[in-house]
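Subject: Structure for your review

Dear colleague,

Please find the structure below, handed over for your own inspection. A written account of what was found follows it.

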Amino acid sequence: MENPFKYGGIVRGPYFANRRNEMNELKREMLNLNRVFLVSPRRFGKTCLLFNLIEMLERETMACAYIDLNAFPDIKSFATALTGFTVRALETNKDKLLRMLAGFQKLRPKVSVDPDGNITAGLELAVAEKDALSALLEGLRHTEKLAAKKKKKLVIIIDEFSDLDKFNGQTIEKALRSEIQKQTHIGYIFSGSEQSTMLAMARDRTRAFYKLGRIMELGRTKDVITDPHHPYAQALIAAVPIPDPAYKRPIPKIKGEVAQPIDPPPGCRFQTRCLQVMDVCRDTQPQLKEVKPGHAVACHLY
Ligand SMILES: Nc1ncnc2c1ncn2[C@@H]1O[C@H](COP(=O)(O)OP(=O)(O)OP(=O)(O)O)[C@@H](O)[C@H]1O
Ligand code: SF4
Ligand SMILES: [Mg+2]
């Protein structure tokens with residue numbers, strides 16, 4: 001019999017389990033071109049979630065570029081890879097791609113032909129490492145213009161984002177924020193396992209990425225099932241069938257209608273269904289708070 005489980009790599013299709021809510025939530029955020037910080041301890045399934053999300057978004061005809069910051073030792077290699085990936089995600093026609101790459105000032109096209117005659121077009125930095133940051137920004141500006149011209153929505157996913165610290169401290173954060181803020185055709189997911197670094201980036205008011213996007217935390221499935229804190233999670237778990245005819249099902253603590261996803265109310269998205277709703281829930285989106293180690297909840301009750 002074939003083993004129904006796979007472990008150790010990127011899992012897809014039937015091997016990818018249990019992340020439907022997170023996928024739908026990320027999809028909604030990306031269709032709206034928002035910015036999301038995806039945070040969890042190591043091996044909680046962020047990268048698998050992101051690869052499966054890319055397949056889902058591409059089916060929605062969005063363009064996606066994934067980059068793992070861990071693979072790039074300096075800004076120079078990061079700038080060339082990010083620009084190469086984003087431009088290639090938007091332009092698949094090789095001739096147009098080459099013409100476009102030729103228009104860069106600080107990055108120049110590097111074209112190679114493999115033994116089968118396929119052309120691969122990449123970029124290399126035409127300036128010294130000290131100018132790598134401005135090359136990175138040049139690349140991002142081009143990408144935004146190209147997405148606008150093609151009338152395409154682009155999602156840039158930067159995995160191991162907490163590694164940004166290894167470059168030139170907060171200078172790169174400031175530069176990136178100033179460019180990202182101007183963009184209207186690109187959504188971002190910044191994913192990372194260094195929780196304190198990631199949360200400091202998004203929550204510390206002295207940091208450039210402060211409140212740039214919402215924080216989404218991946219929890220361990222077992223914790224959520226055995227000890228749900230959020231009223232919605234409690235209602236879902238209470239509704240799970242128990243194979244015992246004598247068992248009296250509790251009435252789920254839930255009411256009303258699901259909020260419109262295309263026009264969500266301000267404040268908590270669950271407010272229209274929550275029996276414990278308070279005034280603050282109607283206008284302030286709850287932020288994630290750690291209720292016990294590794295288990296965070298976004299709800300004003302905590
Ligand atoms: N939804 C899932 N269904 C089944 N298996 C999964 C799922 N998500 C992750 N896994 C398994 O867990 C392993 C770790 O997942 P993944 O590499 O995505 O975690 P990560 O949070 O990105 O870890 P790291 O922080 O180390 O990069 C994968 O190799 C895969 O085998
Ligand atoms: S924030 Fe308020 S409305 Fe939302 S789940 Fe918590 S109590 Fe309910
Ligand atoms: Mg990972």
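The notes below go from the overall picture to the ligand shells, the core, the helices and some individual positions.

**Overall picture and confidence**

Please bear in mind that this is a predicted model. The protein has 302 residues, of which 29% are buried. Its secondary structure consists of ten helices and nine strands. Among contacts with a separation of 6 or more, 65% join residues 24 or more positions apart.

The mean pLDDT of the protein is 82, with 80% of the residues at 70 or more. Confidence is highest in strand 5 (residues 154–159), at a mean of 97, and lowest in helix 8 (residues 221–226), at 64. Where pLDDT is low, the predicted coordinates should not be read in detail.

**The two ligand shells**

Around ligand 1 there are 19 residues, and those that come nearest are G45, K46, T47, C48 and S193. This shell contains seven nonpolar, seven polar and five charged residues.

The shell of ligand 2 has 14 residues, with C268, C274, C281, C299 and H300 coming nearest. By class, ten of the residues in this shell are nonpolar and four are polar, and there are no charged ones.

**The nonpolar core**

In soluble globular proteins, nonpolar side chains tend to be buried together. Here the largest nonpolar core has 50 residues, and F37, C64, L136, L154, V155, I156 and I189 have the most contacts inside it. Helix 3 supplies the largest share of this core, with eight residues.

What does I189 touch, leaving aside residues up to four places away in sequence? The partners of I189 are L26, V36, L38, L50, V155 and I157.

**Helices 1, 3 and 5**

Helix 3 covers residues 75–90, and its 16 residues should span 22 Å because each contributes 1.5 Å; the end C-alpha atoms are indeed 22 Å apart. The count behind that expectation is one less than the number of residues. Of the 16 residues in helix 3, 13 are buried, so the helix is mostly covered. S77 lies in helix 3, but S77 is only partly exposed rather than buried, because 15 other C-beta atoms lie within 10 Å of its own and a buried residue needs 20 or more. Across the chain, S77 and L136 are 59 residues apart in sequence, and their C-alpha atoms are 9.6 Å apart in space.

Helix 5 has 19 residues and reaches 27 Å from its first C-alpha to its last, close to the 27 Å expected. L136 is one of the buried residues of helix 5; the others are A132, L133, A135, G139, L140, H142, T143, L146 and A147.

Helix 1 (residues 20–31) has twelve residues and extends 16 Å between its first and last C-alpha atoms, close to the expected 16 Å.

**Positive phi values**

Most residues other than glycine have a negative phi. Several positions in this model depart from that pattern, as follows.

- L33, which follows helix 1, has a positive phi near 55°.
- K151 follows helix 5 and has a positive phi near 50°. K151 sits in the loop between helix 5 and strand 5, and is exposed because 7 other C-beta atoms lie within 10 Å.
- K211 has a positive phi near 55°. The place of K211 is the loop between helix 7 (195–203) and strand 7 (214–217), and K211 is exposed, since 11 other C-beta atoms lie within 10 Å.

**Two loop positions with partners apart in sequence**

R43 is found in the loop between strand 1 (35–39) and helix 2 (46–59). R43 counts as exposed because it has 8 C-beta neighbours inside 10 Å. R43 and S193 are 150 residues apart in sequence, yet 8.5 Å apart in space, C-alpha to C-alpha. S193 is among the residues that come nearest to ligand 1.

Is Q287, in the loop between helix 10 (279–283) and strand 8 (288–292), exposed or partly exposed? Q287 counts as partly exposed, because 13 C-beta neighbours lie inside 10 Å and the limit for an exposed residue is 12 or fewer. The C-alpha atoms of Q287 and A298 are separated by 5.1 Å, although the two are eleven residues apart along the chain.

With kind regards

Methods
Residues are numbered from 1 along each chain as its sequence is written. Chains are lettered from A and ligands numbered from 1 in the order in which they are written. A residue is near a molecule or strand if its C-beta atom, placed from the backbone, lies within 6 Å of it. Ala, Val, Leu, Ile, Met, Phe, Trp, Tyr, Cys and Pro count as nonpolar, Asp, Glu, Lys and Arg as charged, and the others, Gly among them, as polar. Helices (H or I, at least four residues) and strands (E, at least two) are DSSP runs, numbered from the N terminus. A nonpolar core is a set of buried Ala, Val, Leu, Ile, Met, Phe, Trp, Tyr and Cys residues joined through C-beta atoms within 7 Å. Two residues are in contact if their C-beta atoms, placed from the backbone, lie within 7 Å. pLDDT is the predictor's confidence in each residue, from 0 to 100.
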